[in-house]
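Welcome! Here is a friendly first look at a structure you may not have met before. Take a moment to look it over, then read on.

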Amino acid sequence: MSDCLFCSIVAGQVPSNKLYEDALCYAFYDIAPQAPTHFLVIPKAHISSVSAVNSENEAVVGHIFSVIAQLAGQLGLESYRVVSNIGEQAGQSVLHLHFHVLSGRDMTWPPG
Ligand code: 5GP
Ligand code: ZN
């Protein structure tokens, strides 16, 4: 999608601090980190949020979780949180599916 920030990051039109890339997904550090380690993993194909995941595109979600586990291992993350916000009330500000990976500090439950 031409007017999507994360599609522009995948296309290299907006710079990012890339952590990982393959044919299906792209991982990069969040510009406003909320923990000592905070990166995002996104599908390269535009999907607006978890609400738009369906039987046609669900494979990339499993792949993203496999990549998250791989990156967490490489970074030596022993404990971390994976978050995806869906919709405005939950705090979604970029309408391209993304999974936050946060680590390196104590976290509370339930989240605010
Ligand atoms: P959301 O609020 O939709 O759950 O998460 C969007 C995330 O994208 C936020 O944590 C925000 O800091 C991050 N973000 C927004 N714009 C950019 C950008 O241009 N580059 C990077 N690396 N992260 C961004
Ligand atoms: Zn997009």
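The notes below cover the ligand, its contacts and a patch on the surface.

This is a predicted model. Ligand 1 is surrounded by 16 residues, and the protein covers 82% of the 510 Å² of accessible area that this ligand has on its own.

**Around ligand 1**

- The closest residues of the shell are Asp30, Asn85, Ser93, His98 and His100.
- By type, the shell around ligand 1 is made up of nine nonpolar residues, six polar ones and one charged one.
- At least two shell residues each come from helix 1 (5-10) and strand 2 (25-29).
- Helix 1 is the biggest giver here, with three residues in the shell.

**Polar contacts of ligand 1**

- Serine 93 has a polar backbone atom 2.7 Å from an oxygen atom of ligand 1.
- Histidine 100 uses its side chain instead: a polar atom there lies 2.8 Å from an oxygen atom of the ligand.
- Isoleucine 31 has a polar backbone atom 3.3 Å from a nitrogen atom of ligand 1.

**A nonpolar patch on the surface**

- Phe65, Tyr80 and Val82 form this patch, and together they have about 240 Å² of accessible area.
- Tyrosine 80 belongs to strand 4, which spans residues 80-83.
- Is tyrosine 80 buried, exposed or partly exposed? Tyrosine 80 counts as partly exposed because its relative accessible area is 33%, and the partly exposed range lies between under 20% for buried and over 50% for exposed.

Definitions and conventions: Residues are numbered from 1 along each chain as its sequence is written. Chains are lettered from A and ligands numbered from 1 in the order in which they are written. This is a predicted model: local features need pLDDT of at least 70, side-chain atom pairs count only at pLDDT 80 or more; totals for chains, interfaces and linings use all residues. Side-chain values use heavy atoms; hydrogens and water are left out. Patches are made of residues with over 30% relative accessible area and no salt bridge: like charges are joined within 9 Å, nonpolar side chains (Val, Leu, Ile, Met, Phe, Trp, Tyr) within 5 Å. Accessible areas come from the Shrake-Rupley method with a 1.4 Å probe; for residues, only the protein chains shown count as cover. A salt bridge is a side-chain nitrogen of Lys or Arg within 4 Å of a carboxyl oxygen of Asp or Glu. Helices (H or I, at least four residues) and strands (E, at least two) are DSSP runs, numbered from the N terminus. Buried means under 20% relative accessible area, exposed over 50%, partly exposed in between (1.4 Å probe, protein chains only). A residue is near a molecule or strand if one of its heavy atoms lies within 4 Å of it. A polar contact is a pair of N or O atoms within 3.5 Å; within protein, one must be able to donate a hydrogen and the other to accept it, and residues adjacent in sequence count only if both atoms are side-chain atoms. Ala, Val, Leu, Ile, Met, Phe, Trp, Tyr, Cys and Pro count as nonpolar, Asp, Glu, Lys and Arg as charged, and the others, Gly among them, as polar.
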